[in-house]
Amino acid sequence: MLDNVDPAHVGATLEYLDTHGGGLKRTLVNVVSKSGETAETAAQFLVLRRMLIDALGEKEHAEQIVAITDTEKGTMRSICDAAGYRTLPVPDGVGGRFSALSPVGLFSAAMCGIDIEALLDGAQKMDARCSKETLDTNPAAMLATLLVRLGNEKDKFNHVLMPYSNAMSLFADWYRQLWAE
């Protein structure tokens, strides 16, 4: 996953693809950008796009790209329409880290073999639980109440998520960003 423009990380990822993944000819590039205006995402995409064009050709490279972007407007939408890239929608009104259960997160989850139907079923069940009006049956309201009371009454303003599994480290990063937003 290329989620920042660190040249060492980008270089190491591309080298790994060449030595272990069959190169760009066997790589699917999934770019996620609602507008196409985020400089870091655009820069990485343009570099990878050029590499794909050089490796596969002007028309053939399009088979290796799936973009998740706005359905109607923006620079990325224009690029996708002109090049014939497959696209999935960034839902209106859903931004940033809140888009994990939209195509933004579900596409990569499905590509990793995660059962997204089961994931969405679980999310729907939790939504039902978190929509209950009584505090003792609503885990989100209970957590919010405890955090506010700890902060206001005990001067304890911490919220800690400890993933005791290396496989969960990216989840903790996502949660930290979600919490900050």
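**Around helix α4**

Tutor: This is a predicted model. Let's start just after α4, where glycine 113 has a positive phi of about 90 degrees.

Student: What makes α4 oblique to α5?

Tutor: The axes of α4 and α5 (residues 116-130) cross at roughly 135 degrees, coming within 10 Å. Roughly antiparallel needs an angle over 145, and roughly perpendicular runs from 65 to 115. The crossing sits in neither range, so α4 counts as oblique to α5.

Student: Which residues make that contact?

Tutor: On α4 they are Leu106, Ala109 and Ala110, and on α5 they are Ile116, Leu119 and Leu120.

Student: And which residues of α4 are buried, and what covers them?

Tutor: Val104, Leu106, Phe107 and Ala109 are the buried ones. Their cover includes α5 along with the strands β1 (29-32), β2 (65-69) and β3.

Student: Why is leucine 101 called partly exposed?

Tutor: Its relative accessible area is 45%. Buried would be under 20% and exposed over 50%, so leucine 101 lands in between. You'll find leucine 101 in the loop between β3 (86-89) and α4 (103-111). Together with Ile114, Leu119 and Leu120, Leu101 makes a nonpolar surface patch of about 310 Å².

Student: How do you know that aspartate 92 is exposed?

Tutor: Aspartate 92 has a relative accessible area of 61%. The cut-off for exposed is over 50%, so aspartate 92 qualifies. Aspartate 92 is also in the β3-α4 loop.

Student: What does aspartate 92 touch beyond its sequence neighbours?

Tutor: Leaving out residues up to four places away, Lys34 and Asp70. Lysine 34 is 58 residues from aspartate 92 in sequence, with 9.5 Å between their C-alphas.

Key
Residues numbered from 1 in each chain as written. Predicted model: local features only at pLDDT ≥ 70, side-chain atom pairs only at ≥ 80, totals over all residues. Heavy atoms only, no water. Patch = residues over 30% accessible without salt bridge, like charges linked within 9 Å, V, L, I, M, F, W, Y side chains within 5 Å. Areas by Shrake-Rupley, 256 points an atom, 1.4 Å probe, with all protein chains shown as cover. Salt bridge = Lys/Arg side-chain N within 4 Å of Asp/Glu carboxyl O. Helix = DSSP H or I, 4+ residues; strand = E, 2+ residues; numbered from the N terminus. Buried < 20%, exposed > 50% of the residue type's maximum accessible area, 1.4 Å probe, protein only. Axes fitted to C-alpha atoms, helices over the stretch in contact; angles between N-to-C directions. Parallel < 35°, antiparallel > 145°, perpendicular 65-115°, else oblique. Contact = heavy atoms within 4.5 Å.
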